[in-house]
Each structure stands twice: as structure tokens, then as C-alpha cells.
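Here's a quick briefing on a single-chain model, meant to be read with the viewer open. Fold first, then the sheet, then the charged pairs and the surface.

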Amino acid sequence: MGNVKCIALVAHDNCKKNLIEWVEWNWELLIQHKLICTGTTGGLVEKALTKKIKANYCTCILDITKLKSGPLGGDQQLGALISDGEIDILIFLWDPMEPQPHDVDVKALLRIATLYNVVSACNRATADFIISSPLIDTAYKAEVTDFIKYIERRL
């Protein structure tokens, strides 16, 4: 993990407002990093950050990649990026009170993030701790498990 992190931002419909408020509050830090978002969340994040950049006469270039919507494959795209070592931080504000038609995809995404030791937040408080950590803008070497023995195991 270098000084510039690749931060994935995802939110279920009932949590999008909360994520956008968080993005607006932390915009100055977020624009220093590469952002990857799923579907509608990506459009909302881009709009919020563009508004903040213009309002503050900032001349920075916004680095944001928008994937497909979660239920349309965005969760799998994000999972692939995680397994390829492309994501450093996952901020996924998911709705624990509302069943999702793609709950299996959500569980798979959280599982793969845990498996690959990706810094993860599923609520705003944890996201606040992550974004305010002194490690957010410094190089960091995360422990990565070598799965070769698992792959080569004999049944």
C-alpha cells in the first residue's frame, strides 16, 4: 500500500445519504486518493466531490472509477479487484435492516475483503476511524496470507 490508497466506496440504497454526508465531510482527504465505487453510489460520490472541489476553488483532478451497480455485477467486479490486490480500503455502508436481493453477493464481497486483509468499514464510525488514521497517507505493508498450501492441498 503506497501513500495514495485505492478506496472502494459502496452503499446500499438506505445508506447512500449517510455515505454522501461522510464523503462531503472528508472530501479533502478523499480527493488525495484513488476512488472506486459501484453503480449509483459512484455517480453520487462524483457529484458530491465535484461540488466540493468547485466550491473551494480546488484545482485537483478527481480520480474515480465507477463500476456496475452492485446487483448487476459491481460487487463481483469489486471482489475481483480485491483479490488482485487493487483495493486498499473498503468502505461499505450496508443496510443490516433491509434484506437485499443480492445478499449472497454482499456476503461474498465482505468475505473476500476479510480473506485478503483489506481495511474495511461497514459503518460510519469505523469509516471515521480509518480516514482519520495517521496511516491513511503513509505507505503501509499489510500482512497478506500465502494461499499456496491451500491451493496445493491434497484431499
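What follows is a short tour by topic, with the cut-offs given along the way.

This is a predicted model, so keep the filters in mind: local features need pLDDT of at least 70, side-chain atom pairs count only at pLDDT 80 or more, and totals for chains, interfaces and linings use all residues. Numbering runs from 1 along each chain as its sequence is written, and side-chain values use heavy atoms, with hydrogens and water left out.

**Overall fold**

- The chain has seven helices and five strands, taken as DSSP runs numbered from the N terminus (H or I with at least four residues for helices, E with at least two for strands).
- Going along the sequence, you'll meet them in the pattern β-α-α-β-α-β-α-β-α-β-α-α.
- The radius of gyration is 16 Å, which agrees with the value near 15 Å for a compact globule of 155 residues; that rule is 2.2 Å times the number of residues to the power 0.38, with the radius taken over C-alpha atoms.
- Along the principal axes, the C-alpha atoms fill a box of roughly 60 × 35 × 25 Å.
- Of the 155 residues, 39% count as buried (buried is under 20% relative accessible area, exposed over 50%, partly exposed in between, with a 1.4 Å probe and protein chains only).

**The sheet**

- The five strands make an open, parallel sheet in the order β3-β2-β1-β4-β5, where pairing requires at least two DSSP bridges between two strands.
- β3 (64-66) and β5 (119-121) sit at the edges with a single partner strand each, so one side of each has no neighbour in the sheet.
- From one strand to the next, the twist averages 15° (axes are lines fitted to C-alpha atoms, for helices over the stretch in contact, and angles run from 0 to 180 degrees between N-to-C directions).
- β1 pairs with β4 (residues 89-93) in the parallel sense over five bridges, and Val10 stands opposite Phe92 in β4.

**Salt bridges**

- There are four salt bridges in the structure, each a side-chain nitrogen of Lys or Arg within 4 Å of a carboxyl oxygen of Asp or Glu.
- Lys16 and Asp13 meet at 3.7 Å, N to O; Lys16 counts as buried at 13% relative accessibility, whereas Asp13 is exposed at 64%.
- Arg124 bridges to Glu21, with the closest N and O atoms 3.3 Å apart. Arg124 is in helix α6 (residues 124-131) and Glu21 in helix α1 (residues 16-25), so this pair ties together parts 103 residues apart in sequence.
- Both ends of that pair are partly exposed, Arg124 at 26% and Glu21 at 33%.
- Lys66 and Glu46 form another salt bridge, with the closest N and O atoms 2.6 Å apart. Lys66 belongs to strand β3 and Glu46 to helix α3 (residues 39-55), so the pair links parts that are 20 residues apart in sequence.
- Lys66 is partly exposed at 43%, as is Glu46 at 27%.
- Lys17, Glu21 and Arg124 join into one network through salt bridges that share partners.

**Surface patch**

- Met1, Val119, Leu135 and Tyr140 form a nonpolar surface patch with about 300 Å² of accessible area together. Patch members have over 30% relative accessible area and no salt bridge, with nonpolar side chains (Val, Leu, Ile, Met, Phe, Trp, Tyr) joined within 5 Å and like charges within 9 Å.
- Areas come from the Shrake-Rupley method with a 1.4 Å probe, and for residues only the protein chains shown count as cover.
- Met1 lies in the segment before β1 (6-11) and counts as partly exposed at 30% relative accessibility.
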